[in-house]
Amino acid sequence: MTNDSDSTGNDPEPTTRRRAVFPWAYVGVLVAVRVGVEIADVASDIKVVINYALIALGTIGLAVWYLFRGRAAWPVRLAVAAAPFAAVAAVVSLYELRMAGDGTIAGLHRRTAAKADQLLDKPQASPSGERLTDWGPGPYDYPRFLGAGPWAEAVGPPIDADWQASPPKELWRRPVGAGWSAFAVQGAYAVTQEQRGDDELVVCYRLDTGDPVWSHADPVRFDPEDFGGQMGRVGPRATPTIVGDRVYTQGATGLVNCLDGPTGEVVWRLDTAQEYGAAVPVWGKSGSPLYLPEEGAVDRALLIVNVGAPADTGEGAYDASLVALDAATGEEVWSAGWRQTSYASPAVARLAGELVVLQTVDDHLHARRAADGELLFSYPWRGQSDNMPSCSQPIPLEGDRLLLSKGYGFGASLVQVSRDGDNWAAEPLWSPPIKRVLQTKFSNCVVRDGFAFALSDKLLQCVEIESGKIAWRARRSPAFEYGQVLLCGEHLLVTTEDSGEIVLVEASPDSYRELASLQVLADGETNWNNPVVAGDVLLVRNSVEAAAYRLPTAAVPDDVSDGGSAGESGADGA
């Protein structure tokens, strides 16, 4: 007869069963949470954070359970429990993680291997080195970030949507240095910023051929790994601003240059981080310079620059988050603010009769008088520069209203600005969480006929601005992911994040209608740079290559003149 009891007479089976049941129950709970999150209306990037947390909890929980309840010898249990953490530490020590827009791991880069930009030589400019005699404005310039208005809009001939009969024609393609700068276009030239090895460059290319004509180099290299970040990758973020013969830029560490457009020579430069003691965020300095011409509200031409703040500061201890420089000399005209600036660029609007500069900071939108930087009003806008930065531009609309949008599961808000003498107020007409729409993360909204179009999380979305109601939303395959949106008359040009496509969509609130698509950049690279259309030329780039296409254009009726809707937005024409 067998005896199933131990020496004490106790039955060991309940303990064994408990030992076996626990890990399955623990994993079951985590899986149930994961399924619930997938079913719930949670933004993609928030889901990714939760997934990482569940994986960490699962690994730690099972490791601790096995360490103390496993049946192997103690050294074996210790080795098995430590193995997952040792593997992660080994991978991180050998590789840098390349992150996608939603925070998932898009790839690995061996730390000892050169990055793509480090394998590029400096661009070889034209041998003459002479002053460009044809530098000057053209009929369809795109002179700064998002063009000439408060949202990304091309002003030029209408696009022919039949790309099967009249496909876009590739004009040129060339490797470029790393970075997320877009092109600024004036006349026959396109200017962007790149990182090539240890040099941060401003490069001027011919629009029609892609040939470099001049480049300016600063011995600066920004890599988010050096600042405790993983997502942004190497290189400058901001887009140049072209005004007449001047090209204004801000590099990833806060170096501001004023260059002579026809030659690329330095007119003046200012290292804002060094001058004002501002810390460089993990994403880098990203705000494109804002140029304000001399007019009644401003007694000289100004260049408005996001500077930011030191790592540890408070109200009264610092006053240079936003700085206005004399555009001609680079000398400070005014400085204001103590909060760390966010990712978005400073913007201009005319509100209640006043020319106002809008700046997103850690957790507010600030509106300052353009002439002297005085704070007119502050609107709470959730965020943190090192965690949930506000990347999307505030959009001024008719009737002294502002459209704000943001990713990270937050959404958009329509804000009414009012003024009674010197007293200003900003109140939401609708806002999250009641209206969790237009969850832009790396991109911006465009506006047409009272509707906003944007990549909301990973979907293309159309929203009625007055009510905040969703007109439609659409997904496709290959997915849009975290791409960019450009308004071209009656159409949208939407770039995809990963597949390298540009998608032509009808800009109508009636329904989503995809008209055509085209592979414009290599599949598998990250495409966060904004596309540009100057006349009938489409410019696209990412952190490794750039290309230009001639777009087919449609005939313009005699009673329709060229022009976009940006001038009707309530934004100042600066």
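This talk covers the salt bridges, the cysteines and one buried strand of a predicted model.

I will start with charge pairs. A search of the whole structure finds 32 salt bridges. I will go through three of them and then a network.

The first pair is Arg-111 with Glu-225, whose side chains meet at 3.0 Å, N to O. The two residues lie 114 residues apart and link distant parts of the chain. Arg-111 sits in the loop between strand E2 (105-110) and strand E3 (153-154), and Glu-225 sits in the loop between strand E8 (212-218) and strand E9 (241-243). As for exposure, Arg-111 has 32% relative accessibility, so it counts as partly exposed. Glu-225 is also in that class, because its relative accessibility is 22%.

Next is Glu-545 with Arg-173, a salt bridge of 3.2 Å, N to O. Here 372 residues separate the partners, with Glu-545 in strand E35 (residues 545-550) and Arg-173 in strand E4 (residues 169-175). Glu-545 counts as buried at 12% relative accessibility. Arg-173, with a relative accessible area of 34%, is partly exposed.

Strand E35 also holds Arg-550, which lies 14 residues from its partner Asp-536. Their side chains form a salt bridge at 3.0 Å, N to O. Asp-536 is in the loop between strand E33 (532-534) and strand E34 (537-541). Both partners are partly exposed: Arg-550 has a relative accessible area of 34%, and Asp-536 has 23%.

Now the network. Glu-354, Arg-369, Asp-372, Glu-374 and Arg-419 are joined into one network by salt bridges that share partners.

What about a buried charge that has no salt bridge? Glu-153, in strand E3, is such a case. Arg-448 carries the nearest side chain of opposite charge, and it is 6.9 Å away. That distance is outside the 4 Å cut-off, so the pair is not a salt bridge. The side chain of Glu-153 does make a polar contact, at 2.8 Å, with the side chain of Trp-151.

On to the cysteines. How many disulfides does a search of the whole structure find? The count is zero. For Cys-204, the nearest cysteine sulfur is that of Cys-258, 15 Å away. Cys-204 is buried, with a relative accessible area of 0%. For Cys-445, the nearest cysteine sulfur belongs to Cys-462, at 11 Å. Cys-445 counts as buried as well, at 2% relative accessibility. A disulfide needs the two sulfur atoms within 2.5 Å, so neither Cys-204 nor Cys-445 qualifies.

The last item is strand E6 (residues 189-196). Eight of its eight residues are buried. In a regular strand the side chains alternate between the two faces of the sheet. Both faces of E6 are covered. One side has Tyr-189, Val-191, Gln-193 and Gln-195, and the other has Ala-190, Thr-192, Glu-194 and Arg-196.

E6 has an antiparallel partner in strand E5 (residues 184-186), joined to it by three bridges. Gln-186 has Tyr-189 as its bridge partner in E6. Two residues lie between the strands of this hairpin, and Gly-187 takes a positive phi near 60°.

E6 also runs antiparallel to strand E7 (residues 199-206), with eight bridges joining the two. One of the pairings is Thr-192 with Val-203 in E7. The hairpin of E6 and E7 again has two residues between the strands, and Gly-197 takes a positive phi near 65° there.

Key. Residues numbered from 1 in each chain as written. Predicted model: local features only at pLDDT ≥ 70, side-chain atom pairs only at ≥ 80, totals over all residues. Heavy atoms only, no water. Helix = DSSP H or I, 4+ residues; strand = E, 2+ residues; numbered from the N terminus. Buried < 20%, exposed > 50% of the residue type's maximum accessible area, 1.4 Å probe, protein only. Lys, Arg positive; Asp, Glu negative; His and termini not counted. Polar contact = N/O pair within 3.5 Å; in protein donor to acceptor, adjacent residues only side chain to side chain. Pairing = 2+ DSSP bridges.
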